[in-house]
Structures are given as structure tokens and as C-alpha cells.
Amino acid sequence: MSSVQIRDVRKSFGTFEVLHGVSIPIEDGEFVVLVGPSGCGKSTLLRMLAGLENITSGTISIGDRVVNNVQPKERDIAMVFQNYALYPHMTVADNMGFSLKLRGARQEEISSRVNRAAEILALTPLLERYPRQLSGGQRQRVAMGRAIVRDPQVFLFDEPLSNLDAKLRVAMRTEIKELHQRLKTTTVYVTHDQIEAMTMADKIVVMHDGIVEQMGTPLELYDKPDNQFVAGFIGSPAMNFLKGKLKVNGAATFEGPNGIKLPLKTVPGNSDGRPVVYGVRPEHFTIADDGAEAEIVVVEPTGSETQVFAKLGGEQVVAVFRERHQFSPGDKVRLRPDPTLVHLFDETTGKRMNA
Amino acid sequence: MIEGSAWRRWVFFRLPMGIFLIFLLFPFYWMIITTFRPDGELYIPWYRATYKPFWTWNPTTAHLKYLFGETTFAIWMWNTTFIAVVSTAISLFCGVLAGYALSRLNFKGAALLGTTIFVTYLVPQTLLFIPLSEIIRTYSLGDTPWSLILSYPTFLIPFCTWLMMGYFKSVPKELEECARIDGAARWQAMLYIVIPVAVPGILSAMIFAFTLSWNEFIYALVFLSSPEQKTVPVGVISELVRGDVFFWGPLMAGALFGSIPVAIAYSFFVEHYVSGVTGSVKG
Ligand SMILES: Nc1ncnc2c1ncn2[C@@H]1O[C@H](COP(=O)(O)OP(=O)(O)OP(=O)(O)O)[C@@H](O)[C@H]1O
Ligand SMILES: [Mg+2]
């Protein structure tokens, strides 16, 4: 186990820069999830950590050692690939033992470590099979097994669950999390699924177009997104955004599209009339007499809660209620955002404005 | 397999397949029948009532005896085998390494080099044997098996390289990357992961290279002169066709025995070859 330091790392393919200076400190034993939309450079960063891509500038260190020019085999890391990359001509046991064999471990040691890993992952009955004889979920577990037999300094995962069906994905998510709690190995996990990120991470790093937008614990990111991108990316259903202006004379309010007025608790000084984006999470709406009038478009009950799509000042918003209101499309309701929980973003820079 | 009722299967699958098979296997049948037919029957004009081209009731081994007794056919077989095996081994070794390098080591000009190698394969042998014979003479290799063992790779190496390049490209690069993270050096990843996964490709390159050198005619004709150095294709033609007299029986016997090793090579590896075509990778 080791800490990992990524300092101002840049990466160009030819003249095309993909990562524009990324710095991420990772503590020993931490579970860090890199999230971001497709093409933002998550895999590239992970592959640089693994030593599969060279580093254009900046440094990456594992433990106390700068690894910029260290071969993958010398880095003592294990990686699980999206397509698992199981060696097709080897049995599950040989797949898992390959790295130990390369290191020249004795046969008894190899089999005892493979057996232990197989037990943890419930792979014992499958040890003599070939990868083509396994289901997707089993292959995924073999790929993990191959990583854990080595007891490496760092685990790297690149979207390991994206080839699985929804149910298995949830199960494996828990399994990986459990494994981490047990082994406490520093882990960097790449996904573009924000639910995976929220549920698994000690620390989430949100990336976008080759930069880090924000990093922090899942709840920090959820409660206090630094900018509009993070606010929109984290959370499902996504945060509602309304464009409008601040009004500060008297009680602070937000004047939204078509003149709707929404409450605010505090506003930064000297900001009367400033154009802003007003953000509300779907669960922070309540039905109240002093709310803004909205017309219901679609109602989607999921059992535990109800998602309501409505037109608020002509803009579509989504609200989530745990109570069972009797709504039907076309109904008029009064929606009131909780003023202590709304987010304000600068309209041009997208930066968070309220504390 | 064609779906549907029995007649559809007959019309669209079995019948065309049968015609195709007859077309392909007929030369073999002809070779076999001619090998065992006595001379007396072989030279009957077609308009005689006794002309029965497709069967014989008096099989004879006279042609075989002639082939193995009066000519140096056994030596030709040995020569051909030796030359084909050694030149295939050399070409495969170089081809696998070159194919790997060209498809996996992203060095400058790799693509151009790959194309160039393929282009050299397209240079006709009928042109190439002129400079080659000059070289063979300079190094006094004429009339030895080495003249062929060293000239066959001039077309076999480009062929194997090109074939292996394509095959290595189809092996997911994650496999190799994973091996390197697992602690393998580049050569270990190649040796333990990429090459075993590419075995079907290597086998097909081997079969083709072996067949090409087994059947090669022009270089063998030009570079070898004494009867006991010849290969089967050249030996059979030069020793069993005298002027315009064709010794059909021994000729066909020679052709038959000459094609047996290739047929064995094919049937031995065909299973691997086919399983290679139906992908073994994709997680
Ligand atoms: N070998 C390469 N050569 C050139 N450009 C590349 C190469 N690899 C990646 N890129 C580019 O780098 C950018 C980041 O790619 P990367 O694979 O890191 O994205 P990602 O965040 O992992 O996306 P996804 O979620 O789709 O996997 C993309 O624009 C991609 O086109
Ligand atoms: Mg990716």
C-alpha cells in the first residue's frame, strides 16, 4: 500500500493536448473514483499511472518514488481492464498465478495465494476453467482475482463494471467496496457512472475536458458543487437549473424565466441585477402555498418516491417527493425550493456564488 | 447450415457442395487411378470398346516400382521435405518477430515498412531469379539444397510477416498491457501471451509457407541440376517426361506421393486453423 501523488500532469497525443495539468493527491488506502463524461481523459490518466502511456509533463509518484520513467512491471500496481483482458489460453488458476510465476514464486506459494484469492471471490469451483467457459460476471471476478493475488501497492480499475447487466453491477459494486474495506489497498477507480462514484468513493475526482473540476468526498460534491458542471454531473435525477437575475432590494429573491420569483436565503453583496443560474436538486422542492406555480407534465412513481416533471416558468424541472401526492398531468401545483439548499452559479463562468 | 425443409437443404447446400467436391477431388481420383492402371490400359484410344477411363480391374504396382526403383524419387522427397521444413522454419521465425514488431512497436515508419515488405512479396519470381542466381553462383551454392533454403525466404518472409502482422493486430492490446503490468518484460509478454494467443495465425502461416515451398518450381528448376539434388516438382517433370514422351503412370504416382505430405500437414492443423478463425479472445 502506498500513497500516490499526481502533480500537474499533462498529456498530449501529437499536438493534441488531452490532459491540461491534473493534480490529484491520493492518500494511502484511499478509494478514489475518477468520474467524468466520455472522452475527458480518465482512461488516459489511469494508463499513465500504470505506465502504459508516457507522461508529457508533470510527475506521478507512488509512495516516495517518482515513477515517470519506471516500466509498468516495476511499478507494483495491478489493473483491471474494462474488457477484463483475461489470457484466453490459460485457466483461471493460471491467469491468477501468472504474475507470481513471472516473479519466480514457488509453485506451492502460487497455489496457496491463488486459492486464497479464489476463496475471497468465490471462484474456487472455476479454477480449472478457461475464460471462454465463464459468464461475464465470473470473468469480471477473475480479473479482480488476478489483481488481488499480487497484493500490489495500488489497484487501478478502468470501468470494470460497464460490461455487466444492471443487477450484477450493483452486486459487484458492493463486492468491490467490501474487498477494499478488507484489503485497504489504495485504489483508483474510473467510471462514468456517477452512482458508482457516489456509492464507492472515499474521494471523487470529477474530470471534464482534461481538467479536474472538483474533488472531495461524495457528500461534499453533492452538497457544495464548486461549479455548474459538477452540480449537473453529480446526482440523479440531475439538478434543475434556471437562468435569471438576482433581486436584492427587500428580501433577496431570484427572478427566473417569465417573471417567476424563487426564494433565496443570502446573496453575495453588491449583486443586484446580476445574471445567475439558480440550481435546485429535485428532492429540495416542496409543495407550499407561497411556491411558484408550475404545471405538471409527467408523473413517474417508482414506489419509494415519485418523480414529477413540471413546467416552471416555461422551463421543465423535475421534483422528487417521498410523500404520495395525488398528481395528474395538467394539474397546477405550487413548488417551493428550500432556500437554505439552493445553489447559485455565475452565469458566465459557472462558478459557485453562495457559501 | 441452411435452415428449412429437406428439399431446400438438398438444393441449396448438398447439391452445390457435391458438385464442388467432385470438381475439386477429381484430379486426385485421376491421379490415383492412373497410378495403379497398367500401361496396356493407359494407352488405349478413347474410341475402342475396351476404353474404360474411370476404373481398372487389373491394378498394378509397376509404376510405383518404377518410380521408387528406377528414379531417385525417394531422394527427391527427402530433399523437398528438408528444404520446405528448414525454409518454413526460418521464414516463420523471422515473420513472427517482424510481424510483431511492425504491428505492436509503434516506431516511426512502421506502417510504411509494412507496406514495403508486402510490395517485395509482389515482385515476380521470374524476375527475381536472375539476380538471385548471380548471388547463388558467387557463393557457390548452386546445386545444393541451401540455394533453395536461402532463396525461398525471399518470398516466404514477406508473406509470413504480412500474415502475422494482420493476426497480431487482432490480438487485443490490453492482453499485452495487462501482462506488462503483471510483471512481464516486453519479450515475456510476447512469448507467454501474444504468441500463444496467435498460434492459429502462426499455424496458418506455417501451412501456407510449407505448401508454397513444397510446390515451388522456378527456383528449384534453375538452381538445381543433378538428379539427386532435385525436389519432387522438378524431378518428376524432368525425369519422367522425356522429350514428348510422358510416363503417365510414374508421373501420376509421383504427383500422388508428392501431395501426400501437404495433405497430412493440412489435416493435422486444420482443427487449430479453424478454431483460430472463430475468435478465441474477446472478454
Ligand atoms: N492513443 C491515442 N491517440 C490519440 N488520441 C487519444 C489516444 N487515446 C485517447 N485519445 C484521446 O484522448 C481523449 C481522452 O480519452 P480517454 O480514453 O482517456 O477518455 P475517457 O475519459 O476514458 O472516456 P470513456 O469514458 O469514453 O472511456 C479522447 O479525446 C481520445 O480521443
Ligand atoms: Mg475510458
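## The sheet of β1, β2, β4 and β5 in chain A

In this predicted model, strand β1 (residues 4-13) of chain A runs antiparallel to strand β4 (residues 57-62) of chain A, and five bridges join the two. Within this part of the chain, A:Val4 stands opposite A:Ile62, the latter belonging to β4(A). The two strands belong to an open sheet of four strands in chain A, whose order is β2-β1-β4-β5 and whose pairing is antiparallel. The edges of this sheet are formed by β2 (16-26) and β5 (65-66) of chain A, each of which has a single partner strand, so that one side of each is left without a neighbour in the sheet.

A salt bridge links A:Arg10 with A:Glu17, where the closest N and O atoms are 3.5 Å or less apart, namely 3.4 Å. A:Arg10 is partly exposed at a relative accessible area of 30%, and A:Glu17, with 27% relative accessibility, likewise counts as partly exposed.

## The enclosed strand β8 of chain A

How many of the six residues of strand β8 (residues 186-191) of chain A are buried? Six of the six are, so the strand is largely enclosed by the rest of the structure. In a regular strand the side chains alternate between the two faces of the sheet. In β8(A) both faces are covered, since A:Thr186, A:Val188 and A:Val190 are buried on one side, and A:Thr187, A:Tyr189 and A:Thr191 are buried on the other.

Strand β3 (residues 31-35) of chain A pairs with β8(A) in the parallel sense over five bridges, and strand β7 (residues 154-158) of chain A also runs parallel to β8(A), joined to it by five bridges. A:Val188 in β8(A) is a point of reference for both pairings, for A:Val32 stands opposite A:Val188, and A:Leu156 stands opposite A:Val188 as well.

## The pairings of strand β15 in chain A

Strand β15 (residues 285-301) of chain A takes part in two antiparallel pairings described here, with strand β18 (residues 332-337) of chain A over seven bridges and with strand β16 (residues 306-312) of chain A over seven bridges. In the pairing with β18(A), A:Thr286 stands opposite A:Arg336, while in the pairing with β16(A), A:Val298 stands opposite A:Phe309. The hairpin of β15(A) and β16(A) has four residues between the strands, and A:Gly303 in this hairpin takes a positive phi near 105°.

## Chain A as a whole

The secondary structure of chain A comes to eight helices and 19 strands, and its C-alpha trace spans about 80 × 45 × 35 Å along the principal axes. Of the 355 residues in chain A, 52% are buried. Among the contacts in chain A between residues at least 6 apart in sequence, 65% join residues that are at least 24 apart.

## The interface of chain A and chain B

Between them, chain A and chain B bury about 2000 Å², of which 63% is on carbon and sulfur atoms. The contact draws 24 residues from chain A and 20 residues from chain B. Across this interface there are two salt bridges, and eight residue pairs are in polar contact between the two chains, counting pairs with both residues at pLDDT 80 or more. The elements of chain A that give two or more residues to the side touching chain B are α1 (42-50), β6 (77-80), α2 (92-102) and α4 (136-148). By class, that side of chain A has 15 nonpolar, four polar and five charged residues.

B:Asp182 forms a salt bridge with A:Arg150, with the closest N and O atoms 3.5 Å apart. A network of salt bridges also links A:Lys11, A:Arg47, A:Glu53 and B:Glu177.

## Salt bridges within chain B

Over all chains, the structure holds 19 salt bridges. In one of them, the side chains of B:Glu176 and B:Arg104 meet at 2.4 Å, N to O. B:Glu176 lies in helix α9 (residues 173-181) of chain B and B:Arg104 in helix α4 (residues 73-104) of chain B, so this pair ties together parts that are 72 residues apart in sequence. Both B:Glu176 and B:Arg104 are buried.

B:Glu134 and B:Arg137 also form a salt bridge, the closest N and O atoms being 3.1 Å apart. The two residues are three apart in helix α6 (residues 125-138) of chain B, and are therefore separated by about one helical turn. B:Glu134 is partly exposed, with a relative accessible area of 41%, whereas B:Arg137, at 59% relative accessibility, counts as exposed.

Technical notes
Residues numbered from 1 in each chain as written. Chains lettered and ligands numbered in written order. Predicted model: local features only at pLDDT ≥ 70, side-chain atom pairs only at ≥ 80, totals over all residues. Heavy atoms only, no water. Contact = heavy atoms within 4.5 Å. Buried area = accessible area lost by both parts, 1.4 Å probe. Salt bridge = Lys/Arg side-chain N within 4 Å of Asp/Glu carboxyl O. Polar contact = N/O pair within 3.5 Å; in protein donor to acceptor, adjacent residues only side chain to side chain. Nonpolar A, V, L, I, M, F, W, Y, C, P; charged D, E, K, R; others polar. Buried < 20%, exposed > 50% of the residue type's maximum accessible area, 1.4 Å probe, protein only. Pairing = 2+ DSSP bridges.
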